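Subject: Structure handover

Hello,

Here is the structure I promised. Please open it alongside this note, and my findings follow below.

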Amino acid sequence: MNIPYQPSTSLSAKISRKMLPLLARRNIHFTLDKPIVSFTFDDFPRSAITNGSDILEREGWRATFYVAAGLTGENNHHGKHFVSEDIPGLANRGHEIAGHTYTHVDCDRLGYAETLAEIKRNKEALAQMGYKGKIEHFAYPFGAANAKLKNGLQNKFRTLRGVTPGVHIGKADLNALKSTPLYSGSMVDNAMQTIKGLSNRPGWLILFAHDIRQTPSQWGCTPEEFSSAIKAVKQSGAQVLTVGAALDQLEAQHG
Ligand SMILES: [Zn+2]
């Protein structure tokens with residue numbers, strides 16, 4: 001099995017990541033009486049369906065799947081990935097299909113024109129799998145972005161999502177939405193604290209997960225951890241909406 005790719009940890013890369021939230025923003029402002037939570041799955045391994053969205057459906061909830069179509073049928077550090085039929089299946093059950101490049105590539109290193117080609121290829125592959133809807137939302141693989149990508153892709157998607165944790169309170173940058181990981185252990189504990197804080201300070205919280213299984217990767221969590229997150233979300237009184245449905249609601253505030 002290949003060693004999973006990780007973005008640069010150099011000092012300059014870290015500084016760029018720190019600065020990026022300040023650049024090429026597309027703010028939406030809103031006030032919420034009641035928190036909103038969006039469950040999202042990246043890449044994605046099949047366990048995100050069997051131990052993830054299938055469980056959400058029992059609550060009447062739906063999720064957003066950021067799909068890299070090149071991972072179809074793959075077996076990697078996240079376990080076995082989705083198969084073609086899963087895509088129309090999820091869409092038919094009301095889940096949202098979103099983009100994540102075709103080959104799951106670091107777009108910051110790839111460059112803008114090549115990223116557009118990746119996005120196009122992904123869209124075409126999803127259509128071939130029988131997905132008939134639009135791809136209105138995108139997550140940067142590895143959260144890797146830059147100002148040029150933020151500026152360029154804002155015309156192609158309603159939202160762009162990163163991997164910086166946090167809750168959107170009062171405003172959100174639609175070119176780099178924050179997203180809180182459900183990674184096993186202390187990261188899930190942090191996410192639980194964030195969820196519990198929602199009832200006092202209502203905001204929009206996006207959660208993201210990969211594999212959900214008994215022995216998860218370092219970017220995954222166990223079914224028990226996922227269930228405890230569901231329970232906490234229920235207790236918070238949040239509405240659970242896909243990213244698109246959440247944005248519809250926030251935009252409606254502006255008439
Ligand atoms: Zn990913």
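Which helix gives the largest share of the lining of the largest cavity? Helix H5, residues 112–128, does, with 3 residues. Please keep in mind that this is a predicted model.

The cavity first. The count comes to 1 cavity of 30 Å³ or more. About 50 Å³ of space lies in it. Its lining is made up of Gly99, His100, Thr101, Ile119, Asn122, Lys123, Ile135, Phe138 and Phe157. Sorted by class, that lining holds 4 nonpolar, 4 polar and 1 charged residues.

Next, the second largest pocket. Its volume is about 190 Å³. Leu116, Ile119, Lys120, Lys123, Glu124, Ile135, Lys156 and Phe157 line it. Here the classes split into 4 nonpolar, no polar and 4 charged. Ile119, Lys123, Ile135 and Phe157 line this pocket, and these four residues also belong to the cavity lining.

Now the metal. His100, one of the cavity-lining residues, is also a donor to the zinc ion. The protein donors are Asp43 through OD, His100 through NE2 and His104 through NE2. They lie 2.1 Å from the zinc ion. Along the chain the donors follow the spacing D-x56-H-x3-H. Are the two histidines buried or exposed? His100 has a relative accessibility of 1%, so it counts as buried. His104 is buried too, with a relative accessible area of 17%; the cut-off for buried is under 20%.

Back to helix H5. Leu126 lies in it. This leucine is buried, at a relative accessible area of 1%. Which residues does Leu126 touch, leaving aside its neighbours within four places in sequence? The contacts are Val67, Ala69, Ile87, Ile97, Tyr131 and Ile135. Ile135 you have met already: it is in the lining of the largest cavity and in that of the second largest pocket. Arg62 sits 64 residues from Leu126 along the chain, and their C-alpha atoms are separated by 19 Å.

Then Ala63. Look for it in the loop between helix H2 (47–58) and strand E3 (64–67). Ala63 is buried, with a relative accessible area of 0%. Beyond its neighbours within four places in sequence, Ala63 is in contact with Phe39, Phe41, Leu56, His95, Glu96 and Thr242. Asn122, part of the cavity lining, is 59 residues from Ala63 in sequence and 19 Å away in space, C-alpha to C-alpha.

Last, Asp173. Strand E10, residues 171–173, contains this aspartate. Its relative accessibility is 4%, so Asp173 counts as buried. What does its side chain make a polar contact with? The partner is the side chain of Lys150, at 2.9 Å. A polar atom of the Asp173 side chain also lies 3.0 Å from the backbone nitrogen of Asn175. Setting aside neighbours within four places in sequence, Asp173 is in contact with Pro21, Ala24, Arg25, Arg26, Asn27 and Lys150. Lys150 thus appears both as a contact and as the polar partner.

If you have time for one place, start at His100. It is a zinc donor, it is buried, and it lines the largest cavity.

Best wishes

Note on methods
Residues are numbered from 1 along each chain as its sequence is written. This is a predicted model: local features need pLDDT of at least 70, side-chain atom pairs count only at pLDDT 80 or more; totals for chains, interfaces and linings use all residues. Side-chain values use heavy atoms; hydrogens and water are left out. Donors are N, O and S atoms within 2.8 Å of the metal (3.2 Å for Na, K and Ca); water is not among the atoms, so sites may look incomplete. Buried means under 20% relative accessible area, exposed over 50%, partly exposed in between (1.4 Å probe, protein chains only). On a 1 Å grid over the protein atoms alone, a cavity is a set of points where a 1.4 Å probe fits but cannot get out, and a pocket is an open set with protein on both sides within 12 Å along at least five of seven lines; lining residues have an atom within 4 Å of a point. Grid points are joined across faces, edges and corners, and a volume is the space filled by probe spheres set on the points. Helices (H or I, at least four residues) and strands (E, at least two) are DSSP runs, numbered from the N terminus. Ala, Val, Leu, Ile, Met, Phe, Trp, Tyr, Cys and Pro count as nonpolar, Asp, Glu, Lys and Arg as charged, and the others, Gly among them, as polar. Contact means heavy atoms within 4.5 Å. A polar contact is a pair of N or O atoms within 3.5 Å; within protein, one must be able to donate a hydrogen and the other to accept it, and residues adjacent in sequence count only if both atoms are side-chain atoms.
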